[in-house]
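Welcome! Open the model in your viewer, keep the selection box handy, and follow along stop by stop.

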Amino acid sequence: MSNFGGDGDSEVDRIMTDRPPSSYGSMMSEDHEDSDDSDEPPEQMPKVSLEAPTGVRLYRSESPETAITERTHTNQSSVHKEGVFLNQHTSIHRVEALARQQREPTMLEPSEHQCDVRTDIIRRERETEDENNDRQTELHEREIEEVNEGDMQEVQNKADVQEKSSQREMDDLDEIVVDLGFSELEPPPPPPEGVGLQFQHPHRSLTLRHVFTAMVKSLTPLKQGEFTYFKRSLCSHGRFKHDYSTIAEISDALDLADKLIELCGMGETLYVTIRSLANIHKVDLSNTLRKTCKRALLRYELRLTHERQYYTLYEGCCWPGQQRYISDVYTEPLTVIRGNTDLVNTEHEFRKVPCTVQETGIRAADIFRPLPNEEKTIRTVMMSGVPASGLTVAVNKFIIDWMEGNTNQDFQLLFPLPGKELHLGKKGDKTFLEMVANFFVEAKDIRFIEKADCLSLFIIDALDLCHYPLDFQNNENITSVQTKASVDTLITSLIKGSILPQARVWITSHRTAAHKIPSQFIDRFVELRGFTDEQKEIYFTKRTSEPQLGRNVLNHMTRSRALKIICHLPLFCWMVAYIFERSLRDPEFGKHPPGITNFYLQYVLIQMSRSFERYRGSSVEAHEWKDEDKMFVEKMAKMAFRMLQEGRDTFSVEDLHGVGLKYEDLHSRDEITTEVKRTSEDQRTWLFKFVHYTIQEFMAAMYVYVAFRKHGKNVFEKNPLTKMLGKDRPLIELYRPTINRALSSQNGHLDIFLRFLVGLMTPGTEEHLHGYLLHHCHPKPKRTEEVVKYIYKKIKENIHPERCRNLELCLVELEDGKNDR
């Protein structure tokens, strides 16, 4: 007797009942003496047939017992003679239900022996061919009858419809064995928070059972020599190049498919099997397997592409060799469903701005999940945030989590479409699939994406960089992925839902461009708010291999109230970590609280460079500062100083006109400002802010300092004759009236402005202005020691105790900026 008879159940029974699998070595039977050579089952064991046999059967004759590996046993299927089949009209869950009925005590036990799978497949294919011939004969007779009745036109129409239907089936050959049939199952429990659309019923063509069945069916027709040739071809794959012995002794298709999946995983095994079949000139088998598992193969290839493109990232600027693994540095920022409050953080060291609006927080992975009180489907999500809040990094992490199988596994396919690159490719009209193929060549012909059971996600990242007008009012509504149209029309049709209505769309954009999408086409608006205090701590300790060093960086950063506040922006956290991780290795560093001026100056320079890269490109020439760029920074700084004097933090398009700028100048360099209000298409009603009030204060201080150092102009002096004194004036002439003005302030609205102004005069900070707002060979400032003496004098007088504390922080800026970091 064989081991099957000894166990009292078959391979499929053991799998269905979740018995623990043995190691692969146990696939070979150890008790050969007990095996029965007879091909016929014992008479006392009747046959059990569950379904009409129209698919492949996963069992073997005269083969030893197979113990499915841990990675495959829950999705494996095998049958006894005349046993379970995978029917194209039968749900996979129906098959499992019938298998469970087979295991009931009242059911008969299966036979001990199994038929030869190769002989059975040939016999079934012949039966299927005979059935098809009978159907064609019957159809032909019916057509003749209709012709005799004179209805030739109707027959021709039916033939055309049948031909189109057959052509579609050939185009979507991967759907032949796909049948969801989920209605018989109860809905799954809601997944935990933070995993998105997860734990739903997987599509059958993406299951291990389907892929395994297709692989065995493709490998079974191989003869013994071809089977050996196939295994040798696998050695061209890196995993088997030096370890052929792992598969050398396998002589059965089922065993080989099982072992390959155990070693490589489902997607990689499918890929190497298709390639190896083509290498041994079994092109028909290779193409059939490719089409049968087209959806699973595409998902695997997409994940490989995403891993290469999104697994690492640059923090701050793109410096060669400075990229890091995203999982090593990513800290999830605060994400909220947008309310009516400003998206700018209003927290400030001295300026108190009440904010009582409550907003609904949400995990970044859950943006497509309805809230507990929502019943509608979230199809389109618009995510925005201030510059440097981490929009692109959030997209990268979302993609990597999907690629690794951690979150949002309901999305079968995920297609990022960078807004900056949507205009690239061939000119003229194209189909939607051709547009997607510009980014993912493996998705050139995926007609199944139109099916209702294909849930895919399209991510349009950085909509503000899209060159198309997105005319939702006049563009045609495209309804097929095979219809040619302009890219602008294809994008609007995707967002509207006229094309691929079952798909999900995620759009990221700065607020200046978010209004390109009419609100009626957006189901949810989401904002990134940056880091909370707890997330700052996670970031600093996570990004370094020395957790204690990360805690030291955090402790030193929190010594400055202003720096702690502005570090809600992830870019500032990176700058602080980059500087302090190196500086704190020096035992002499950290005696004084950290200065802030150098960080803000670097922030402006980095953000300007990032805007050049976003709107101009990554070439060396694109990163060069042009004269209009320098003028833009000077004019924005001048406007910031006017706003500081007037005590306001918003500006309009008219304010831009007041300093000689246009809205287009701001839109193409929007890395230090953000739009906060747009009530109509009238530009005069649009309002903007700097990304934080301290950025506005720094820009104002930079305007005052550069105007004095470059032109000899003291903006606090009313006498126009002072302009004739020359450019090389001593600094004390600027700082004496500024310090007196700041000390006379009742609410401290000039305190941080003064701190920035004092910090800019230090050699280590001013040198960063050379080549940008000052000439490369600009002379060093004169009589700086007089400024220091005057500050000490005012502290000693202590006329304004509340303001004198800020003068002590000004001395910290002087100490911090002595040397260039």
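Is Leu 414 buried or exposed? Select Leu 414 and look around: its relative accessibility is 0%, so it counts as buried. Keep in mind throughout that this is a predicted model.

**Stop 1: around Leu 414**

Leu 414 belongs to strand 6, which covers residues 413-418. Now show what touches Leu 414. Beyond its neighbours within four places in sequence, Leu 414 is in contact with Leu 302, His 306, Phe 398, Ile 399, Trp 402, Leu 457 and Ile 459. Try a distance label next: the C-alpha atoms of Leu 414 and Ala 503 are separated by 10.0 Å, although the two residues are 89 residues apart along the chain.

**Stop 2: next door in strand 7**

Which residue of strand 7 is the bridge partner of Leu 414? Select Leu 457, and you have found it. Strand 6 and strand 7 pair in the parallel sense, over six bridges.

Now colour residues 456-461, the whole of strand 7. Six of its six residues are buried, so strand 7 is largely enclosed by the rest of the structure. In a regular strand, side chains alternate between the two faces of the sheet. Turn on the side chains to see how they point here: Ser 456, Phe 458 and Ile 460 go one way, while Leu 457, Ile 459 and Asp 461 go the other way.

**Stop 3: the sheet as a whole**

Zoom out a little. The open sheet has seven strands in the order 4-3-9-5-8-7-6, and its pairing is mixed. Look for the edge strands, strand 4 (360-361) and strand 6, each of which pairs on one side only. Then select strand 5 (residues 380-385) and strand 8 (residues 504-509): they run parallel and are joined by five bridges. Within this pair, Thr 380 has Val 505 as its bridge partner in strand 8. Helix 14 (residues 391-403) packs on the sheet and touches strand 5, strand 6, strand 7, strand 8 and strand 9 (524-530). The direction of helix 14 makes about 160° with that of strand 7.

Before leaving, click on Ala 388, in the loop between strand 5 and helix 14. Ala 388 has a positive phi of about 75° although it is not a glycine. Its relative accessibility is 11%, so Ala 388 counts as buried.

**Stop 4: a pair of helices**

Select helix 10 (residues 266-279) and helix 11 (residues 283-292), whose axes are 7 Å apart. They pack at an angle of about 155°, and are therefore roughly antiparallel to each other. Their crossing is left-handed. Show the side chains in the contact: helix 10 supplies Leu 270, Thr 273, Ile 274, Leu 277 and Ala 278, and helix 11 supplies Val 283, Leu 285, Ser 286, Leu 289 and Arg 290. Of these residues, seven are nonpolar, two are polar and one is charged.

**Stop 5: towards the end of the chain**

How many residues of helix 29 (residues 751-760) are buried? Ten of its ten residues are, and the helix is mostly covered. Phe 753, Arg 755 and Gly 759 are among them.

Finally, find Asn 798 in the loop between helix 31 (784-797) and helix 32 (801-816). Asn 798 also has a positive phi, of about 50°, although it is not a glycine. At 40% relative accessibility, Asn 798 counts as partly exposed.

**Last view: the whole chain**

Show everything again. The protein chain has 32 helices and twelve strands, and 53% of its 821 residues are buried.

Conventions
Residues numbered from 1 in each chain as written. Predicted model: local features only at pLDDT ≥ 70, side-chain atom pairs only at ≥ 80, totals over all residues. Heavy atoms only, no water. Helix = DSSP H or I, 4+ residues; strand = E, 2+ residues; numbered from the N terminus. Buried < 20%, exposed > 50% of the residue type's maximum accessible area, 1.4 Å probe, protein only. Contact = heavy atoms within 4.5 Å. Axes fitted to C-alpha atoms, helices over the stretch in contact; angles between N-to-C directions. Parallel < 35°, antiparallel > 145°, perpendicular 65-115°, else oblique. Left-handed = near helix turned anticlockwise from the far one by under 90°. Nonpolar A, V, L, I, M, F, W, Y, C, P; charged D, E, K, R; others polar. Pairing = 2+ DSSP bridges.
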